[in-house]
Amino acid sequence: MAEMHTPYSSLKRLLSFLNSFMAMSGVILISLGIYVKFRGAVLTRVLGLSSAYLFNVAYLCLVMGCITVLLGFAGWYGATKESRGTLLFCFLCMVVIITVEITVATVVLAFPPIVQEVALEHNFVTLKKNYRGYNEPDDYSTDWNLVMEKLKCCGVKNYTDFSGSSFEMTTGYTYPRSCCKAIGTMACNGRNVSTDIIHQKGCFPKLLKITKTQSFNLSGGSLGAAVIQLPGILATLLLFVKLG
């Protein structure tokens, strides 16, 4: 016998439809986490603890995204099989996830001003102390060389950051090769500071811009996922009540 077209059966079909959007929001969170972790956060790693929140939130988005995708399928199963236990489980889990998403979206936006205020002097001092040079095997120097090459900049504030640094005292050079516009040329000799040879501006403004962009991406993505999930959560609760 064909199922009667009642508001109850319509609600089941609606919830099954909304669960597909629930799973889609999980995919959005996973994509956002991967993007932040393997794009801008790789460069801002040189800021140390000041930008560590980007990695942490990216991992959190990956975990929440995977859980949300699974809950989307679980919600579809609960609606199809009229399982109150499954629906209640999905509802409670999604309430927790949407609360975390809203919290993440709010907290993440508060970090860039803190990074701007705290990280500049800290990274300036750390660079002068810990940077060893171009092609050095330590992670710190490797990360900074990547940043200076990719962002076309030199030092934290500017190219003079290496004056009096451990790098200059060890090598005798005024700046590393990664500051040069053309690394393989003879003019890139560690002493010629002409604007035609090296990038004279510091990296910190560009790193801060990346940090702000990634923060806005994380915040917007989390809020967007929460908006997508909200109708499904409400429909899940309503069907749970009707099944009672």
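1. The lining of the largest pocket, taken by class, consists of seven nonpolar, four polar and three charged residues. In total 14 residues line this pocket, and those that lie nearest its centre are Tyr-134, Phe-167, Tyr-173, Pro-176 and Arg-177. The volume of the largest pocket comes to about 200 Å³. A reader new to this structure should keep in mind that the model is a predicted one, and that the values discussed in this note are computed from that predicted model.

2. Two salt bridges are counted in the model. One of them joins the side chains of Lys-12 and Glu-82, with a distance of 3.0 Å from N to O. This pair links distant parts of the chain, since Lys-12 belongs to helix H1 while Glu-82 sits in the loop between H3 and H4, and the two residues are 70 residues apart. The partners can also be described by their accessibility: Lys-12 has a relative accessibility of 13% and therefore counts as buried, the cut-off for that class being under 20%, whereas Glu-82, with a relative accessible area of 36%, is partly exposed.

3. Glu-82 deserves a second look for its backbone. The loop that holds Glu-82 runs between helix H3, which covers residues 52-81, and helix H4, which covers residues 84-108. The phi angle of Glu-82 is near 55°, which is a positive value in a residue other than glycine. As a general rule, most residues other than glycine have a negative phi. The residue with this backbone angle is also a partner of Lys-12 in the salt bridge described above.

4. A positive phi is also found at Asn-135, where the angle is about 65° although the residue is not a glycine. Asn-135 is placed in the loop between helix H5, residues 111-130, and helix H6, residues 139-151. With a relative accessibility of 62%, Asn-135 counts as exposed, because that class begins over 50%.

5. The other salt bridge to consider is formed by the side chains of Glu-121 and Lys-157, which meet at 2.9 Å, N to O. Glu-121 is in helix H5 and Lys-157 is in the loop between H6 and helix H7 (166-171), so the pair ties together parts of the chain that are 36 residues apart in sequence. Both partners fall into the partly exposed class, Glu-121 at 44% relative accessibility and Lys-157 at 34%.

6. Where does Lys-157 lie, and how many residues separate Lys-157 and Lys-201 in sequence? Lys-157 is found in the loop between H6 and H7, and 44 residues of sequence separate Lys-157 and Lys-201, although their C-alpha atoms are 6.9 Å apart in space.

7. On the surface, Leu-14, Phe-17, Phe-21, Met-24 and Ile-28 together make a nonpolar patch of about 430 Å². One of these residues, Phe-17, has its place in helix H1, which spans residues 7-38. Phe-17 has a relative accessible area of 47% and so is partly exposed, which places Phe-17 above the cut-off of over 30% that a patch residue has to meet. Helix H1 also holds Lys-12, the residue that is paired with Glu-82 across 70 residues of the chain.

Definitions and conventions
Residues are numbered from 1 along each chain as its sequence is written. This is a predicted model: local features need pLDDT of at least 70, side-chain atom pairs count only at pLDDT 80 or more; totals for chains, interfaces and linings use all residues. Side-chain values use heavy atoms; hydrogens and water are left out. Patches are made of residues with over 30% relative accessible area and no salt bridge: like charges are joined within 9 Å, nonpolar side chains (Val, Leu, Ile, Met, Phe, Trp, Tyr) within 5 Å. Accessible areas come from the Shrake-Rupley method with a 1.4 Å probe; for residues, only the protein chains shown count as cover. A salt bridge is a side-chain nitrogen of Lys or Arg within 4 Å of a carboxyl oxygen of Asp or Glu. Helices (H or I, at least four residues) and strands (E, at least two) are DSSP runs, numbered from the N terminus. Buried means under 20% relative accessible area, exposed over 50%, partly exposed in between (1.4 Å probe, protein chains only). On a 1 Å grid over the protein atoms alone, a cavity is a set of points where a 1.4 Å probe fits but cannot get out, and a pocket is an open set with protein on both sides within 12 Å along at least five of seven lines; lining residues have an atom within 4 Å of a point. Grid points are joined across faces, edges and corners, and a volume is the space filled by probe spheres set on the points. Ala, Val, Leu, Ile, Met, Phe, Trp, Tyr, Cys and Pro count as nonpolar, Asp, Glu, Lys and Arg as charged, and the others, Gly among them, as polar.
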